[in-house]
Amino acid sequence: MLDKELRSMIGQVKDGRMDRRAFIQRLAAVGLTAPLANQILALGGVAMAEGVSTYKPTKRGGGGALKLLWWQGPTLLNPHFATGTKDQDGSRLFYEPLACWDPDGNMKLVLAAEIPSIQNGGLAADGKSVTWKLKPGVKWHDGKPFTADDVVFNWEYSKDPATSAVTIATYRDIVVEKVDDLTVRILFNKPTPFWADAFVGAPNSIIPKHLFADYKGAKSREAPNNLSPVGTGPYKFLEFKPGDIVRGELNPDYHMPNRPYFDTLEMKGGGDAVSAARAVIQTGEYDFGYNIQVEDDVLLRLEKGGKGKAIYAVGGDTEFIALNFTDPNTEVDGERSSMKTKHPLFSDPAVRKALALLVDREAVKKVIYGRAGRTTANFLNGPEKFVSKNTSWEFSIEKASKMLDDAGWKPGADGIREKDGKKLKLLYQTSINGPRQKTQAIVKQACQKAGIDVELKSVVASVFFSSDAGNPDIYPKFYADMEMFQIPMSQPDPSQHMRRYMSANVATKENKWQGQNFPRYVNKEYDEAILAAEGEMDPVKRAAFYIKANDILIADTVFIPVQHRLKVEAAANNLVCVISGWANETDNLFDWYREA
Amino acid sequence: MSQYVLRRLLIAIPSLLGISLVLFVVLALAPGDPFSELATNPNVPPEVAAALRAKFGLDDPIYLRYLHWLSAMAHGDWGFSFVSRMNVDALILQRLPATLYVIGSAQILALLIAIPVGVYAATKPYSLFDQIANVLAFVGFSLPTFFTGILFILIFSVTLDWLPFVYSSDIKATGIRWVLEMIRQAIMPVAVLGLFQAASMTRFVRSAMLDVIRLDYVTTARAKGLGQAKVIVKHVMRNAMIPVVTLIALQMPAVFGGAIVTEQIFRIPGIGSLLISSILSNDTPVVMAVTFVFACLVVLFNLIADVLYGWLDPRISLR
């Protein structure tokens, strides 16, 4: 039904009977995000919407200095080596991708001349290739022209394992060919509904061939330009001290009219989030501070100073509690949480469902996340088009208790429920982080009331998120019953996010815990939904598969979604900054300006 | 003299080797991974992090890694930062000026306060001035720098709005304005560190002075009819300064330690904040290098203290 309706809606947009915005809203209502809705239109024969720029200044420059405060400063400026978003943010000041994402998830052109669509021949109907036309006349900061060779080079550079680029996953399975000096074609080995990954967004910014060609492969780390970028962006590189400061100045040859607004640019690193919020919101020493993970009452108090404000961007980041489907306390062949075991308590679905009833998401929002969170019943919370409307959540200690009673878990002498000699005692771990410890306390309290004993554990983030297979506390090993964190969603498409939990990807000793399915969830139905989605070119059907996959995860209580988290930034009151929940903070920097 | 210095330097080598071994083993055994941020990024397959670990030799046994580090160090190669992908020595040299500027100024401030106050308090023990100086000194060294730092920020930046609390390593001004800005932004961190140092030093100067001031030769000097100023400066201070010099020299590494916290609070791009961010990102080569530099400083300042001894008190012969 959804499919038929969508077809007719696409038809309406095509003939102009329905406007694009209404279409996106309709799709959002059935749970599809804006970027996806746009891609649906593109595949349905209507060109993808170009993000509308709100940029007002009518001349280049004259805006003075823009002072950015990144409390974790960039430590290197090559997007292919970015170990974290901070490095992508810093690189993006100077380097540019073909296109970026605006706050609504629409594509905005940067180095590309037009958005590929079926009409303009950019998209192949079978979804196996996409052709990008490049903007003519773009120059690197050193005056050399930007051409298709540069784009092709980035693919060759990244896919070479010896380069050890972190972008390798984007490029290793595609083929990029030069059609002419200003046209490149990307060939996929299978139908690819989400074609806007390679060369799109800050992580996939393009570096110049003429400066990096000699440093491809094993010599990559010797490239002098790893620390002194020569890009195509609105600001030219001046100075970089890792972790401390990045400085740039206006690029007089920038390829977008009247941009950039600011004459100089400074990105200062170091310190902590609270004092960064203070420097922007309260004292106004800086214009913009990124990733202000600070309690809402602190922000509200700082905002009374009146020099700046907190701003929010909606993306798809979900804070969740994952349940372990294997037994963390039994060792089989030197491996705990082995696939050969079953979780003694969670193998009863009633226990999992009861736990979901015991997470008071409203309280977590009210007490901890404030304006930076939304309650949710879904694991997949964005883009809008992929968000399920079939799920719901509630917090009820009575219902949870009754559910456990009915399943035969009766309170023992110590008030803790037990069945067949097994006590409902759970170990609940997460990384050390203020909001997470508070959430743990809220959940523990509710569980206690329902007769479940919860032991809390918190691990230093640098260990918890480590890939060090020798450490027992890393999250993929999951030597606990429940664990809580979030996996950032770095592009407006759920494919990477959802395929992690396919049966083939379970984390085991054999794959050195590199399998991404850490709850060790095995469900054929889920696998089928994901495989179907990945081969589906029809955007509506594809979205339906992902919604189904989400619903399976929720119905089976693989994850208990705790909060849909928004990005929080601090900005001066007079700064007009464009921030997208689907992109890095600096991705739309060319559109930033100051209001008088 | 030069023979003595040379011998001391040679003795320092085995102790530095021992220190480096301990540091290396502790860091290698510490949990954490420089590529942890990659682990939660769904865009990056786990093989990439594993390949990076292999490339930077993180999977080798500890003794091999230590020998690699040692032989590289012997060649003047300080190692390579995992996180910045640049040479560690370049990274440290970039950060050193800010640290030296702040710590140097703080130390000078501390001496400028401690010596006059300590000396004057000792000449009039248990006077009102002495009492006040004592109380302030106790307050000064009981308050940790992270507390006074935040207090200063709240008073002078947030409430009064006089001083900036984000230190900028390159000020966009020239000439006299540049100098003024450099001074302005350093006032708070230097005051925080300097006052902390001055507090304990004042107490020390005072007691060293009191020890000397009652000795017979001082009475003799007075009996000769020398003025109070001359007696204090020429006769008492010179002798009282001997233990003070040792204290200052031995405290230098502790000052660097205090600077780590202060640098973090005021965002001073010095080696202290480099150390903190490297520890947080598990960038072991940088942590190793910075801690090793600190170890070298301890050894060096011990040596300087001993040499200064000989200069201040010719009776102590260095052989």
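Two residues are in contact here if their C-beta atoms, placed from the backbone, lie within 7 Å. Keep that in mind for Ala549(A), which, leaving aside its neighbours within four places in sequence, is in contact with Met498(A), Tyr526(A), Ala529(A), Ile530(A) and Ala533(A). The structure you are looking at is a predicted model, and the tour below starts from this residue and works outward.

**The nonpolar core**

Ala549(A) is a good place to begin, as it is among the residues with the most contacts inside the largest nonpolar core, together with Val280(A) and Leu358(A). That core has 227 residues. Which element gives the most to this core? It is helix α8 of chain B, residues 175–213, with 15 residues. As background, nonpolar side chains in soluble globular proteins tend to be buried together.

**The two chains in outline**

Chain A contains 17 helices and 21 strands. Chain B, on the other hand, has twelve helices and zero strands, and its pattern along the sequence reads α-α-α-α-α-α-α-α-α-α-α-α. Here are some overall values for each chain, with the box taken along the principal axes of the C-alpha atoms.

| Chain | Box of C-alpha atoms | Residues that count as buried | Share of contacts (separation of 6 or more) made by residues 24 or more positions apart |
|---|---|---|---|
| Chain A | roughly 80 × 55 × 55 Å | 55% of 596 residues | 69% |
| Chain B | roughly 85 × 55 × 40 Å | 36% of 319 residues | 72% |

How does the radius of gyration of chain A agree with that of a compact globule? For 596 residues, such a globule would have a radius of gyration near 25 Å, and chain A has 25 Å, so the two agree.

**Where the chains meet**

Moving to the interface, 45 residues of chain A are in contact with 46 residues of chain B. On the chain A side, the elements that give two or more residues are α6 (168–171), β7 (235–241), α8 (273–282), α14 (461–464) and α15 (495–499). Sorted by class, this side of chain A has 16 nonpolar, 20 polar and nine charged residues.

**A covered strand in chain A**

Strand β9 of chain A, residues 264–269, is mostly covered, with five of its six residues buried. Which strands pair with β9(A)? One is β1 of chain A, residues 65–70, which runs parallel to β9(A) and is joined to it over six bridges. Within this pairing, Leu68(A) has Met267(A) as its bridge partner. Another is β8 of chain A, residues 245–250, which runs antiparallel to β9(A) with five bridges between them. There, Ile245(A) stands opposite Lys268(A).

**A sheet with a helix packed on it**

Elsewhere in chain A, three strands make an open, antiparallel sheet in the order β4-β6-β5. Its edge strands are β4 (129–133) and β5 (174–180), each of which pairs on one side only. On average, and ignoring direction, neighbouring strands of this sheet are turned by 20 degrees against each other. The antiparallel pairing of β5(A) with β6(A), residues 183–188, extends over six bridges. In that pair, Val175(A) is found opposite Leu187(A). Helix α5 of chain A, residues 148–159, packs on the sheet and touches both β5 and β6 of chain A. The direction of this helix makes about 165 degrees with that of β5(A).

**A three-stranded sheet and an exposed loop residue**

Chain A has another open sheet of three strands, antiparallel and ordered β13-β14-β15. Why is one side of β13 (410–411) and of β15 left without a neighbour in the sheet? Both strands of chain A stand at the edges, each with a single partner strand, so one side of each has no neighbour there. Two bridges hold the antiparallel pair β13(A) and β14(A), and Lys410(A) has Glu418(A) in β14(A) as its bridge partner.

The loop between β14 (417–419) and β15 (422–423) of chain A holds Asp420(A). Is Asp420(A) buried or exposed? A residue counts as exposed if 12 or fewer other C-beta atoms lie within 10 Å of its own; Asp420(A) has 7 such neighbours inside 10 Å, so it counts as exposed. Arg20(A) lies 400 residues from Asp420(A) along the chain, and the C-alpha atoms of the two are separated by 59 Å.

Terms used:
Residues are numbered from 1 along each chain as its sequence is written. Chains are lettered from A and ligands numbered from 1 in the order in which they are written. This is a predicted model: local features need pLDDT of at least 70, side-chain atom pairs count only at pLDDT 80 or more; totals for chains, interfaces and linings use all residues. Two strands pair if DSSP finds at least two bridges between them. Helices (H or I, at least four residues) and strands (E, at least two) are DSSP runs, numbered from the N terminus. Axes are lines fitted to C-alpha atoms, for helices over the stretch in contact, and angles run from 0 to 180 degrees between N-to-C directions. Ala, Val, Leu, Ile, Met, Phe, Trp, Tyr, Cys and Pro count as nonpolar, Asp, Glu, Lys and Arg as charged, and the others, Gly among them, as polar. The radius of gyration is taken over C-alpha atoms; the globule rule is 2.2 Å times the number of residues to the power 0.38. A residue is buried if 20 or more other C-beta atoms lie within 10 Å of its own, exposed if 12 or fewer, and partly exposed in between; C-beta atoms are placed from the backbone. A nonpolar core is a set of buried Ala, Val, Leu, Ile, Met, Phe, Trp, Tyr and Cys residues joined through C-beta atoms within 7 Å.
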